[in-house]
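Work through the exercises below with the model open. Each task is followed by a stepwise solution.

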Amino acid sequence: MSTVTVAKKDFKSARRSKLLWAAAIALGLIAAFVGYVSGNAPGTDTQQVQLLFRVLTMILGILLPIVALVASYLAIAGEREGGGIKFLLSLPNTRRSVFIGKLLSRNGIVAGGVAFMYVAAISVALARHGAFPAGVIFGTLLVTLVYGGTFVSVALAMSSAAASRSRAIAGAFGTYFLLVILYVFPVVQIPTMVQWVHTTILGAEKNPDLYNAVQYTSPYLAYRKAINLVLPTEMRQMIFRSSLPEDVTRGSAEANEVLPLYLQDEFSLVVLAFWLVVPLLLGYLLFERADLE
Amino acid sequence: MPSIQTNGLTKRFGDDVLAVDDLDITIEEGEIFGFLGPNGAGKSTTINMLLDFIRPSEGSAQVFGMDAQREAAAIRDRIGVLPEGYGFDDYLTGREYMEWAIETKGADDDPQALLELVGIADDADRVASGYSKGMQQRLAFGMALADDPDLLILDEPSTGLDPNGIQHMRSVIRDRAANGTTVFFSSHILSEVEAVCDRVGVMNEGRLVAMDSIEGLRESASGQATIELDCASPPPVDGVGDIDGVSRVDVSGTKLTAECTDPRAKVEVVKRVDRHADVVDILADNTSLEELFNQFTGGGRDSDVATPAGDNVQHVDAQEAEP
């Protein structure tokens with residue numbers, strides 16, 4: 001009960017933030033723009049819309065972590081620095097209800113941003129193509145909310161560990177760099193670095209499966225692989241090319257099935273579940289033990 | 001069952017800061033207890049341990065017989081807190097904050113009545129973060145009063161309040177205490193403690209250095225009462241120094257000054273001198289609370305500044321003026 005009260009108050013306060021509304025509207029505009037520029041490829045209307053949502057998830061893969069981190073990095077640290085925690089914990093709340101209440105409300109805020117994007121994208125899709133492929137739309141929406149949730153978890157853990165605003169900001173930046181940026185830009189990439197350590201320093205034979213497995217620990221790649229699970233087979237993204245034989249064609253069921261189990265699309269659910277749960281537990285334990293002054 | 005009890009409560013920060021040292025206090029139901037001490041004496045640290053904001057390094061604290069750490073939520077159900085270092089940083093109005101406190105406590109108070117009681121009903125629909133310090137203090141006090149708690153824990157409650165606000169808060173505190181609420185009240189302002197509290201604990205450098213009623217403190221303090229008699233002619237000294245409780249007698253011109261270890265000796269001094277000389281003026285000075293405070297706390301943070309005894313009073317005044 002007190003969890004709900006904590007969440008309600010937090011959400012109410014956030015709803016009045018002009019900055020959050022501006023961010024949500026910007027997200028909606030981005031989605032509308034994507035809907036407008038995509039959809040000139042050959043194919044049926046339904047396929048066009050499915051492709052539109054695939055593109056949308058690629059953008060969300062990069063953008064949503066920022067939204068989730070920004071929305072959550074002050075959830076606990078801000079209350080500690082600003083003194084709001086004194087009221088929260090003078091009233092009949094436990095630290096657990098504060099933590100879970102914050103988790104609920106910040107997930108709600110992130111879900112609100114995603115909803116803006118989906119409403120905009122769906123509107124454009126209906127207007128231009130008149131198609132509503134419910135499987136892909138709701139499938140990607142669900143996976144996207146889980147993905148946003150992983151970054152809310154990480155940010156909340158960081159926020160619990162940091163006693164001040166500045167440390168929480170540093171934590172959020174570091175997280176984004178470590179969990180997203182290092183998997184996106186081609187030059188400084190985790191697999192390249194791991195390969196270098198493995199072959200140059202340890203002097204071992206090249207092992208692409210290993211590098212891909214290391215890479216797969218990132219929620220960013222797990223999200224892209226999880227999106228494959230809800231896309232039609234021919235639209236799936238081929239992600240661990242170096243672990244695939246040369247003759248596998250893109251968009252075939254084989255492209256997933258020939259991979260070792262720990263590199264397959266289904267394994268992404270394990271990775272996402274890990275990032276959803278483990279940071280939360282750590283963050284909660286830290287918060288439970290902290291001296292709050 | 002005591003409302004608050006601590007047993008050997010100790011808090012260290014790091015290796016070298018001993019904020020609270022082996023504290024044993026017991027506060028009985030219905031008491032108004034004043035927790036007095038200079039800045040940094042460990043008052044807020046103690047309160048923060050009672051509220052489970054921070055955890056003791058050693059020892060334990062019980063509120064209504066419940067362990068402050070393990071049963072924090074059950075304790076919070078029965079207490080009202082005006083914490084130190086709070087902030088209204090959500091985008092909510094004063095009324096919404098009050099409603100939130102009432103809702104969280106599961107109470108059925110009328111928010112408007114509480115807002116009126118603390119004198120901010122007219123500003124209740126403004127965002128609380130825009131309030132002045134004094135108005136925020138009123139709102140926080142009002143939130144503490146919701147659900148008519150069995151124990152009020154007030155950390156420096158008069159901070160930022162104007163004199164009317166302080167007066168009003170005191171009368172609300174007395175009303176609540178008269179209805180059986182225990183009040184635990186920390187302050188560095190002596191007059192405030194004297195005006196409201198039944199019993200006082202004085203803390204200094206993490207230790208409880210005295211615990212008694214204000215009268216008891218006065219008696220136990222080694223403070224001197226001084227009496228000055230202005231006479232029409234130079235008064236004779238004979239016998240005045242022999243009065244029980246008089247420690248020193250000085251005569252300069254027509255003025256006789258007697259220092260008394262027992263304040264009651266002053267009357268005897270007047271009677272004795274009056275037999276031999278015409279007393280035209282009397283000036284008596286009891287140990288002031290400020291001197292008491294200084295005796296117990298060794299001058300607090302400012303003890304290293306060499307000040308003649310007379311200046312101590314000013315120094316404490318300066319503390320009172322602190323926001």
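**Exercise 1. Find the bridge partner of B:V81 in β8(B), then place the pair in its sheet.**

Step 1. B:V81 has B:I153 as its bridge partner in β8(B). Helices (H or I, at least four residues) and strands (E, at least two) are DSSP runs, numbered from the N terminus.

Step 2. Go up to the strands. β7(B) and β8(B) (residues 151–155) are paired in the parallel sense, over four bridges. Two strands pair if DSSP finds at least two bridges between them.

Step 3. Go up to the sheet. It is open and has six strands, ordered β7-β8-β9-β4-β10-β11 (chain B), with mixed pairing. β7 (79–82) and β11 (207–212) of chain B are the edges; each has a single partner strand, so one side of each has no neighbour in the sheet. On average, neighbouring strands are turned by 15° against each other, direction ignored.

Step 4. Add the helices. Helix α5 (residues 133–145) of chain B lies across β7 and β8 of chain B, at about 170° to β7(B). Helix α6 (residues 163–178) of chain B lies across β4 (32–36), β8 and β9 (182–187) of chain B, at about 150° to β9(B). Axes are lines fitted to C-alpha atoms, for helices over the stretch in contact, and angles run from 0 to 180 degrees between N-to-C directions. Contact means that C-beta atoms, placed from the backbone, lie within 7 Å.

A note on provenance: this is a predicted model, where local features need pLDDT of at least 70, side-chain atom pairs count only at pLDDT 80 or more, and totals for chains, interfaces and linings use all residues. Residues are numbered from 1 along each chain as its sequence is written, while chains are lettered from A and ligands numbered from 1 in the order in which they are written.

**Exercise 2. Which strands stand at the edges of the four-stranded sheet of chain B?**

Step 1. Write the order: β13-β14-β12-β15 (chain B), an open sheet with antiparallel pairing.

Step 2. Read off the edges. They are β13 (246–252) and β15 (279–285) of chain B, each pairing on one side only.

Step 3. Check one inner pair. Six bridges link strand β12 (residues 225–231) of chain B to strand β14 (residues 255–260) of chain B, in the antiparallel sense. Within β14(B), B:A258 stands opposite B:I227.

Step 4. Find the covering helix. Helix α9 (residues 265–276) of chain B lies across β12, β13, β14 and β15 of chain B, at about 20° to β12(B).

**Exercise 3. Describe the hairpin of β1(B) and β2(B).**

Step 1. Strand β1 (residues 4–13) of chain B runs antiparallel to strand β2 (residues 17–23) of chain B, joined by four bridges. B:K11 is opposite B:V20 in β2(B).

Step 2. Three residues separate the two strands. B:G14, in the turn, has a positive phi of about 65°.

**Exercise 4. Classify two helix packings in chain A.**

Step 1. Take α7 (residues 134–161) of chain A first. α7(A) and helix α11 (residues 219–230) of chain A pack at about 160°, axes 9 Å apart. They are therefore roughly antiparallel. The scale is: under 35 degrees roughly parallel, over 145 roughly antiparallel, 65 to 115 roughly perpendicular, the rest oblique.

Step 2. List the residues. A:G135, A:V136, A:G139, A:T140, A:V143, A:Y147 and A:T150 in α7(A) meet A:P219, A:Y223, A:A226, A:I227 and A:V230 in α11(A). By class, this contact has eight nonpolar, four polar and no charged residues. Ala, Val, Leu, Ile, Met, Phe, Trp, Tyr, Cys and Pro count as nonpolar, Asp, Glu, Lys and Arg as charged, and the others, Gly among them, as polar.

Step 3. Now α9 (residues 190–201) and α10 (residues 208–215) of chain A. The angle is about 135° and the axes are 9 Å apart. The two helices are therefore oblique to each other. Their contact has six nonpolar, four polar and no charged residues.

Step 4. Check confidence. Among the elements of chain A, α9(A) has the lowest mean pLDDT (82) and α7(A) the highest (96). pLDDT is the predictor's confidence in each residue, from 0 to 100.

**Exercise 5. How many residues of chain B are in contact with chain A?**

Step 1. 23 residues of chain B touch 21 residues of chain A.

Step 2. α3(B) gives the most to this side of chain B, with five residues.

Terms used:
Two residues are in contact if their C-beta atoms, placed from the backbone, lie within 7 Å.
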